[in-house]
Structures are given as C-alpha cells and as structure tokens.
Amino acid sequence: MKKLFKTLSLSIIGAVVITGCGNGNEQTWSDDYELSNISFPIEEEGISLKIMTESAPIAPDDPNEKLIYQRLEEQTGVHIEWQNFVGETFGERRNLALATGEMPDAIKNASFSDYELLDYAEDGVIIPLNDLIDNYMPNLQAVLEEAPEYREMMTAPDGNIYAFPWIEELGSDKGRIQSVDNFPWINVEWLEELGLDMPTTTDELKEVLVAFRDHDPAGGGQTIPMSFMINHGGEDPGFLFGSFGIGDNWGRTVVTNDGEVILTAAHEDYIDSFNFMSDLYQERLIDIEAFEQDWPVYVAKGQENRYGLYFTWDKANITGMNDSYELMPPLEGPDGHKNVARTNAMGFDRARMVITSANENLELTAKWIDQLYEPYQSVQNNWGTYGDDEQQNIFEYDESSQMLRHLDLEGTPPVELREKTSVGGPLAILDSYYDEITTMPDDAAWRLNLMEEVMVQHMQAENVLPNIFFSKEELDRISTIEADLIPYIERKRAEWIINGNIEDEWEAHLVELNRLGYQEWIEIMQNGYDRTTN
C-alpha cells in the first residue's frame, strides 16, 4: 500500500532533545547535538519532544498507544513524551506549567482563548510562529494557499500568529454545515395519524401544536407539543424567530446585507417573536420544563417519543435516526415573512497547538507539527484511523482509489469511536479533500443535503460575523460587558415567553441594554467586522 504520508527533507541544525523515555530519567539537553540534511524518518535514536495534551476519559492514558501516533512516530522517527491530562485537570496543569516555567516544548489541544493567547505571547511564554510556518511547514502552507482566508483568521492584531488551528470544512458559505444548528424536528407520524399537513406558517404551526395537545398521541397525557432548552445553542427555539424578521442565533448577533452588526435582543423584531412564543406558552403548547431541563432529561423524553416538535442539531441524538421525525421547513410569519437566520459559526478553532519559549528545537517541532496538516494525516487525526486489528475502525483504506472511506459503524456512536482513536489537535480538512482523500461522514452528508434542500434558499442575510481576532484591550472590554449583558438577555428571553409583557417592557429593556454597555459592545463588534471584511 502506498504510504499515506509525505516524506519531507529536513535541515535541522541546533540542539535536539535527548530523553531517557520510559525509564523515569530527567530530560537532558545537548547543546552541540547536530542534525543536518536529513529527512523523515530520522535515523538517530532517542530524539523526542515533550508535549502536553488533553484527551477524552475513554481514550488511552498514554497517547502513544493510539495507532495514529504509532504510525506517526514510525514515519518521522520522533518520539513524543506526552504529558496527558483529562477534563479540568488539563487546564489546571497547563496553567501551572506556564506560570512556573516548567514548560513542555508545545501544548496540543491547547484550548486557549484569544485573550490567553495574546497574554501569554505578551509575557513571552509562547512564541510567534510566522517564520516557522513560512520556512518549515509546506503542508500548512498548501492549506493556506488553497484557502487564504484562514491565514487572516490565524493572525493576531499585532501581525503575529501564535497558535496552529483546527480547520474542518463541511460545505461553504450559506450551505456550511454550521449555518443552522437548531434544526426543528417535527413528529410526522403524529401529523399523519391526525390527518394534518406539514405546517408552512406560524398560524398553521400553532394549529398543529393544539391538535397534538388535544389528541394526546403519546397517550396517558404524556404528549409534549413542543419542547426545547432555552439558551442552549442547538436546542434553543430561536429558529422560529426568522418568521418575524431578522431572526436569532446562539451568538445573538446578525449582520445585515449592508454590513451592519446587530444585537438581536435590541431589534424590534424581538417583540413579535416573543409575543408568538408567549402565546404558545399560555396555550400550554410548550414544555413547562423547557426553561430548566438539562440534556439527559431532554434526551430521555425524546427517546420516549413524547415530542411533537423539538430542536437540536441531529435528531439521531434525541429521537433516533428513524422516519418518525422530519425537518420542518422555515415558516411564513403573519406578514408572509420567511427567513432562516445564519449562525456565525464555522469549523475553525484558532488555538489547537502552541509552541512554548522553552522549546530549543523549533525546526524539528515545526516540521513534526506540519505532518499533522498532511491531508491523509489530518483526516485520521480528526475522525480516527484504519487497519487497527485490536479495535473498531472508522475507515478502510481503498488502495484502488487511494481514499479513506468511512465504514458503517453498525450502531457505534461516531463520537465514542472518535474519542477512543482520533487525536484532534491542529489539522485541516478542506472541501476539496472529499472524494479525493476521503469520503464525507454519512451523517454530515445527510445534514448538508438537508441544509441545501430546506434552509439555504430562505437565508436572507448574505453576511455573517467572521471569526474576528480582537485585540487584548477589545477582548477585555467584551468580557467585562458580556459578564452582565448576556445573562440579562438570556433571563429576559425566558421571562418573556413565560410572562409575556415584552411590549410593555421594551423601552425599559433598551435602557437597560445601554446601561449594561450594549452601545460600546456593538461598536467593538462593528469595528472588528469592518477591519476583518474590508
């Protein structure tokens, strides 16, 4: 079988880490050890890097037990001495290492916020990566040449790049898989049983929900006409707000076609949206637990087939991948308005790996990290691998087409297999890789098809808020303002559904938004949007 990894020519001059791996020895350094004009795999023994990382609880304690890392070590000749932590422990140990100076060479799956990146860079704890990328990372350069927008997203306001990103493209522009996360799933078995059509307007939806309530198709009074988890991303009912104007998303921020950034909670379209939702609540059409239930409760009721309509990313997680529920199209409001508000999300994480200032082997580290951006390697790092004789595989390698093909997992949850076998971290999967390097996961292809068939044509906004890299000063103000602003908005969203009164409270609400710093917040967002898109 052809090798799945490119062989790179290295020119590494300088100190290289020499460690006694696996025998408890302290890490030692050689100031005069020299490697020059070599290529992967490095033939010299004992060459390694110390990297801190985080992994899932069900993954091996030692990342080197994963087949992906075993193959990578064979390909490069570089052994990784992992410091691996799980859950909250990782963040604590990461911060401790950076504060005390007892730092690894790099931190993978770093989970830094933008503010932390800039703060640690300012303190000299992590290093700029621009020169390393330009001189030693051809795989990452190829990604940035094909999709140059990511270089801008990676670059801090001071012009430096401080972290390696995770990139996963699944669709583009309006058809991007993240464009709508709170899909509305309606019980079509109940519609058929009651002789009802798929609703096309908000009035028709209310009639359907009333029929669900009155006929109790779940039996024994167990029917829940509509359920959601307020302020919970994919489970929030804000999808329905598009029938009354600009709509809403989990970021509470939309951009008009004129490039104006709008806080949805400050726009008058909110009034009609919450009048509609409050009317449904007063008619006992909304789950009374929708304002406090957690994920296990939400899932349990879905598995009991109690929902007439509910919201989530993928129905398989709640009611199963069956024909009982179908995606409800966007509805026309009372004035005939129909809109699908786009989220601002995309498959991009700016800070999946950093190199610390303790690292004395920058070329070696950069070239090892660059292997993670090789297309076949990135695909496996993201989802899992093939050819593992000891556990289930997520792929098979098709030699004839030289493609990694997703396997039928026969009921195994994809996320479970990914946590056991994939490694995450910095990687790039571009849309051009599909049908060339790999197949698209079945669940992603299915959701993208639904997005294209049902949602995209009704997305009125041409713009979204991009992944803005704000300055440290801006981030400080955003964080300070949002500490009070966001909880207030989320509290009022629940109150207006339960109690109504949004029209009576609207002017006072706008005054409160201003008191909480809304005007400054929206100005920062607008400035960030303008400089990023112009």
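This is a short talk on the cores, one sheet and the aromatic pairs of the structure above. Keep in mind that the model is predicted.

Let's start inside. The largest nonpolar core has 96 residues. Which of them have the most contacts inside it? They are M226, F228, L240 and M277. Helix 15, residues 472–499, gives the largest share of this core, with 9 residues. Take L240 as an example. Leaving aside residues up to four places away in sequence, L240 touches L205, M226, F276, M277, F311, M328 and L331. There is also another core, apart from that one, with 60 residues. Among them are F348, V379, L404 and A428. As general background, nonpolar side chains in soluble globular proteins tend to be buried together.

Next, the sheet. It is open, with 4 strands in the order 10-13-9-14 and mixed pairing. Which strands sit at the edges? Strand 10, at 224–226, and strand 14, at 325–327, each pair on one side only. On average, neighbouring strands here are turned by 35° against each other, ignoring direction. Strand 9, residues 183–187, pairs with strand 14 in the antiparallel sense, over 3 bridges. Look for W185: it stands opposite L327 in strand 14. Now find helix 14, residues 442–455. Helix 14 packs on the sheet and touches strand 9 and strand 14. Its direction makes about 90° with that of strand 9.

On to the rings. The count comes to 23 aromatic pairs. I'll show two.

One is Y386 with Y397. The ring centres are 5.9 Å apart and the planes are at 35°, so this pair is tilted. Y386 is in the loop between helix 12 (375–383) and strand 16 (395–398), while Y397 is in strand 16, so the pair ties together parts 11 residues apart in sequence. Are these two buried or exposed? Y386 counts as buried, at 10% relative accessibility. Y397 counts as buried at 13%. Y386 has another partner too: R71 lies over its face, at 4.1 Å from the ring centre.

The other is W496 with W506. Here the centres are 6.3 Å apart and the planes at 45°, so this pair is tilted. W496 lies in helix 15 and W506 in helix 16, residues 502–515, so parts 10 residues apart in sequence are tied together. W496 is buried, with a relative accessible area of 1%. W506 counts as buried at 7%. Ring pairs also link W496 and W506 with F241, Y270 and F274 into a cluster.

One last stop, at W313. The charged end of R447 sits over its ring, 3.5 Å from the centre.

Terms used. Residues are numbered from 1 along each chain as its sequence is written. This is a predicted model: local features need pLDDT of at least 70, side-chain atom pairs count only at pLDDT 80 or more; totals for chains, interfaces and linings use all residues. Side-chain values use heavy atoms; hydrogens and water are left out. A nonpolar core is a set of buried Ala, Val, Leu, Ile, Met, Phe, Trp, Tyr and Cys residues joined through side-chain atoms within 4.5 Å. Buried means under 20% relative accessible area, exposed over 50%, partly exposed in between (1.4 Å probe, protein chains only). Helices (H or I, at least four residues) and strands (E, at least two) are DSSP runs, numbered from the N terminus. Contact means heavy atoms within 4.5 Å. Two strands pair if DSSP finds at least two bridges between them. Axes are lines fitted to C-alpha atoms, for helices over the stretch in contact, and angles run from 0 to 180 degrees between N-to-C directions. Rings of Phe, Tyr and Trp (its six-membered ring) pair if their centres lie within 6.5 Å; planes under 30 degrees apart count as stacked, over 60 as edge-to-face and the rest as tilted. A charge sits over a ring if NZ of Lys or CZ of Arg is within 6 Å of the ring centre and within 35 degrees of the ring normal.
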